[in-house]
Amino acid sequence: MITRQGEILLKPERDVAAGAQRIEVSVFTINARFNGYILCKPHQRLLDVLNSGSSLNTTLNRDFLEIRDVDIFDNRSSEPSRHLDIGYARRSNIIFIGEKQCIDSCRKELTHPMREKKPIRAEIKMPGVILKGAMYAETWQDLPGALHRDEIFLPLTDVELDLNTGDGENRFDFGAVNRDHIIFVGADL
């Protein structure tokens, strides 16, 4: 069972049967925020789902990100304007996605090899919001090296948004920035 604001929700049986993991997220576009959860394969990270386009829904996964149990907010509102059981965000319109928590402890094991990376404090100007956080580069790289990657979504940790949503949805331990929407990046040395 999952609780949300005093309600008790049952896990959909098809999620459990497929062996899916659920990651609770906040998805930001230029004029809206979508809070819900996404399904991913066992031990798959949010960044993998965003960059590879591989999710459990194979019909729309290349262009759209499926979000379930989604509350829809105007960016500066603390109250949702509506709720949907399921929705699809066009990946190219996502500015930033913040990981709130991994439901059902789906991060028990590290399946990806870890190598030492260098954190670089950065300030990123996006349409309608400035994000501050740590980008990661190989130990020999600087900020341009962290930006020059093949992936569309770049990882960012300890994220703080200058957006006042009214409900505290402006800090995330982990998030991903859509590099196609980056206007300016500055290093905080």
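**Notes on a predicted model**

1. Leaving aside neighbours within four places in sequence, Phe96 is in contact with Ser26, Val27, Phe28, Leu131, Val159, Leu161, Phe172, Gly175, Ala176 and Val177. The model is a predicted one, and this residue is a convenient place to start reading it.

2. Phe96 belongs to the largest nonpolar core, which has 21 residues. Along with Phe96, the residues with the most contacts inside this core are Ile124, Leu131, Met135 and Leu161. Two or more residues each come from strand 8 (117–126), strand 9 (129–138), helix 3 (143–147), strand 10 and strand 11. There is also a second, separate core of 20 residues, which includes Ile23, Leu47, Leu65 and Phe153. As general background, nonpolar side chains tend to be buried together in soluble globular proteins.

3. The aromatic rings come next. The count of aromatic pairs comes to 3. In one of them, Phe28 and Phe172 meet edge-to-face, with 6.2 Å from centre to centre and 80° between the planes. This pair links distant parts of the chain, since Phe28 lies in strand 3 and Phe172 in strand 11 (residues 171–178), 144 residues apart. Phe28 is buried, with a relative accessible area of 4%, and Phe172 is buried too, at 5%. Ring pairs join Phe28, Phe96 and Phe172 into a cluster.

4. How many residues of strand 4 are buried? The count is 9 of the 9 in strand 4 (residues 32–40), so this strand is largely enclosed by the rest of the structure. The cut-off behind that reasoning is a relative accessible area under 20%.

5. Strand 4 has pairing partners in strand 3 and strand 5. Strand 3 (residues 21–28) runs antiparallel to strand 4, and 8 bridges join the two. These two strands form a hairpin, with 3 residues between them. Within the pairing, Glu24 has Tyr37 of strand 4 as its bridge partner. Strand 5 (residues 64–74) also pairs with strand 4 in the antiparallel sense, over 5 bridges. Here the bridge partner of Phe34 is Ile72 in strand 5.

6. Two arginines have their charged ends placed over aromatic rings. The charged end of Arg22 sits over the ring of Tyr37, 5.3 Å from the ring centre. The charged end of Arg33 sits over the ring of Phe73, 4.1 Å from the ring centre. Tyr37 is thus a residue to look at twice, being also the bridge partner of Glu24.

7. The whole structure contains 5 salt bridges. One of them joins the side chains of Lys100 and Glu24, at 3.6 Å from N to O. Lys100 lies in strand 7 (residues 96–103) and Glu24 in strand 3, so the pair ties together parts that are 76 residues apart in sequence. Lys100 is partly exposed, with a relative accessible area of 32%, and Glu24 is partly exposed at 22%.

8. Is the salt bridge between Arg68 and Glu66 formed by buried or exposed residues? Arg68 is buried, with a relative accessible area of 10%, and Glu66 counts as buried at 12%. The closest N and O atoms of this pair are 2.9 Å apart. In another salt bridge, Lys132 meets Glu123, with the closest N and O atoms 3.8 Å apart. Lys132 is partly exposed, at a relative accessible area of 40%, and Glu123 counts as partly exposed at 36%.

9. Two aspartates deserve a check of the backbone. Most residues other than glycine have a negative phi. Asp69, although not a glycine, has a positive phi of about 50°, and its place is in strand 5. Asp158 likewise has a positive phi of about 50° without being a glycine. Asp158 is placed in strand 10 (residues 153–161) and counts as partly exposed, at 47% relative accessibility.

Terms used:
Residues are numbered from 1 along each chain as its sequence is written. This is a predicted model: local features need pLDDT of at least 70, side-chain atom pairs count only at pLDDT 80 or more; totals for chains, interfaces and linings use all residues. Side-chain values use heavy atoms; hydrogens and water are left out. Buried means under 20% relative accessible area, exposed over 50%, partly exposed in between (1.4 Å probe, protein chains only). Helices (H or I, at least four residues) and strands (E, at least two) are DSSP runs, numbered from the N terminus. Two strands pair if DSSP finds at least two bridges between them. A salt bridge is a side-chain nitrogen of Lys or Arg within 4 Å of a carboxyl oxygen of Asp or Glu. Rings of Phe, Tyr and Trp (its six-membered ring) pair if their centres lie within 6.5 Å; planes under 30 degrees apart count as stacked, over 60 as edge-to-face and the rest as tilted. A charge sits over a ring if NZ of Lys or CZ of Arg is within 6 Å of the ring centre and within 35 degrees of the ring normal. A nonpolar core is a set of buried Ala, Val, Leu, Ile, Met, Phe, Trp, Tyr and Cys residues joined through side-chain atoms within 4.5 Å. Contact means heavy atoms within 4.5 Å.
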